[in-house]
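Visitor: Could you take me on a close look at the surroundings of one bound ligand? I would like to see how that site fits into the rest of the protein.

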Amino acid sequence: MLVFPNAKLNLGLHITERRPDGFHTLETAMVPLPWCDALEVLPSTAETSLALTGRPIPGDPATNLCIRAYELLKADFPEVPAVQMHLHKVVPIGAGLGGGSGDAAFALKALNTVLDLGLTDDQLEAYARRLGSDCAFFVRNQPALALGRGDELTPLPLPQLAGTACKVIYPNLHISTAEAYAGVKPKAPAHDLRTALSGPIETWRHTVVNDFEASLAPRYPLLDELKQQLYAAGAAYASLSGSGSAVFGLWPGQPLPPSMALTGDFLVWDGQL
Ligand SMILES: C[C@@](CO)(OP(=O)(O)O)[C@H](O)COP(=O)(O)OP(=O)(O)OC[C@H]1O[C@@H](n2ccc(N)nc2=O)[C@H](O)[C@@H]1O
Ligand SMILES: Nc1ncnc2c1ncn2[C@@H]1O[C@H](COP(=O)(O)OP(=O)(O)O)[C@@H](O)[C@H]1O
């Protein structure tokens, strides 16, 4: 079975509390971004394996989230056969785009089908949560308000986003999520996120805030420079995604974003949400 794990964007991100378990309580909206990896999952008579091609993934391949997804299911379903997986990595890593989290959830979904486990979406979300805070979002993979650790999901229809032109700029900086959280001082949000997102995209600039922007700004001034360049190119809304380092802009009512002359080592994705 061949699946295409997509990325996500965060629209607003409020970090409200540091929890005793070291995690943070947040509120954010997550939407699918159709920038995709490719993942093939086949049953195998040999040992379970994962072939990796494309963008290099830091860390031991044995701890790759696709292998961890298989091991999690194997622990509860010891009779399942081995699998042969191939991940072709496209989505940048350490970008705030949830690339690894998407692979984890799509691996669970593909394994559920290939191994005929009959798990429901609720059960798949429970497994996904054990692999990472962001992973559960990719099970249903639809716009959602995420609370708690980022894994308490409520569908959040955002009709004004459908077909919106989007540009994502990855400035080749790998920002670790844990390090980004460590630099944030939790606080009460200035605006209610659900109310802010119910307005036209043009109003979001003043109301939809990602708290990581302020804490990362002193160390990575480039992130705000890129955001200002997106606004100068006519974006109705621009923001950092998640804990960075990807920055995105939205152009509602346009089929594609404008081209931008960027000087530096950037990876750019242009498309529609
Ligand atoms: C910031 C967000 C926003 O969507 O996305 P990314 O920027 O990573 O894409 C997420 O909260 C990232 O979720 P995820 O990448 O799954 O994080 P996890 O693997 O669960 O945790 C990695 C580390 O981040 C910190 N962490 C994560 C989630 C959370 N609610 N509070 C935290 O403090 C912890 O230090 C944890 O050890
Ligand atoms: N399949 C995978 N793709 C990407 N990263 C993975 C994968 N499996 C494990 N990881 C680990 O997860 C870390 C970052 O995950 P990712 O979700 O891409 O971060 P972010 O959402 O912040 O961009 C990497 O440093 C890597 O070690």
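Guide: Here is a walk from the site around ligand 2 out to the domains, the core and a hairpin. Please keep in mind that this is a predicted model.

Let us begin at the ligand itself. Ligand 2 is surrounded by 20 residues, and the closest are Gly59, Leu65, Gly99, Gly100 and Asp103. Sorted by class, this shell holds 8 nonpolar, 11 polar and 1 charged residues. Two helices are worth picking out on your screen: α1 (65-76) and α2 (99-114) each bring at least two residues to the shell around ligand 2. Of the contributors, α2 gives the most, with 4 residues.

Now zoom out a little. The protein is divided into domain 1, residues 2-155, and domain 2, residues 159-272. Their centres, taken over C-alpha atoms, are 23 Å apart. In the contact that joins them, 25 residues come from domain 1 and 31 residues from domain 2. On the domain 1 side, strands β2 (6-18) and β3 (24-36) each provide at least two of the residues that touch domain 2. The largest share of that side belongs to β2, with 10 residues. By class, the side of domain 1 facing this contact has 14 nonpolar, 8 polar and 3 charged residues.

With both domains in view, we can place the ligand. Domain 1 and domain 2 both give residues to the shell around ligand 2, so ligand 2 lies between them.

Helix α2 then leads us from the ligand into the interior. The largest nonpolar core has 72 residues, and Ala69, Ala107 and Ala128 are those with the most contacts inside it. The largest share of this core, 7 residues, comes from α2, the helix that also gives the most to the shell around ligand 2. Both domains take part here too: the core draws at least three residues from each of domain 1 and domain 2. For a closer view, pick alanine 128. Leaving out residues up to four places away in sequence, Ala128 touches Ala104, Ala105, Leu108, Cys135, Ala136 and Val139.

One last stop is a hairpin. Strands β7 (residues 144-147) and β8 (residues 152-155) run antiparallel and are joined by 4 bridges. One pairing to look for is leucine 145, whose bridge partner in β8 is threonine 154. Between β7 and β8 there are 4 residues, and glycine 148 in the turn has a positive phi of about 65°.

Methods. Residues are numbered from 1 along each chain as its sequence is written. Chains are lettered from A and ligands numbered from 1 in the order in which they are written. This is a predicted model: local features need pLDDT of at least 70, side-chain atom pairs count only at pLDDT 80 or more; totals for chains, interfaces and linings use all residues. A residue is near a molecule or strand if its C-beta atom, placed from the backbone, lies within 6 Å of it. Ala, Val, Leu, Ile, Met, Phe, Trp, Tyr, Cys and Pro count as nonpolar, Asp, Glu, Lys and Arg as charged, and the others, Gly among them, as polar. Domain bounds come from an automatic or database domain assignment. Two residues are in contact if their C-beta atoms, placed from the backbone, lie within 7 Å. Two strands pair if DSSP finds at least two bridges between them. A nonpolar core is a set of buried Ala, Val, Leu, Ile, Met, Phe, Trp, Tyr and Cys residues joined through C-beta atoms within 7 Å. A residue is buried if 20 or more other C-beta atoms lie within 10 Å of its own, exposed if 12 or fewer, and partly exposed in between; C-beta atoms are placed from the backbone.
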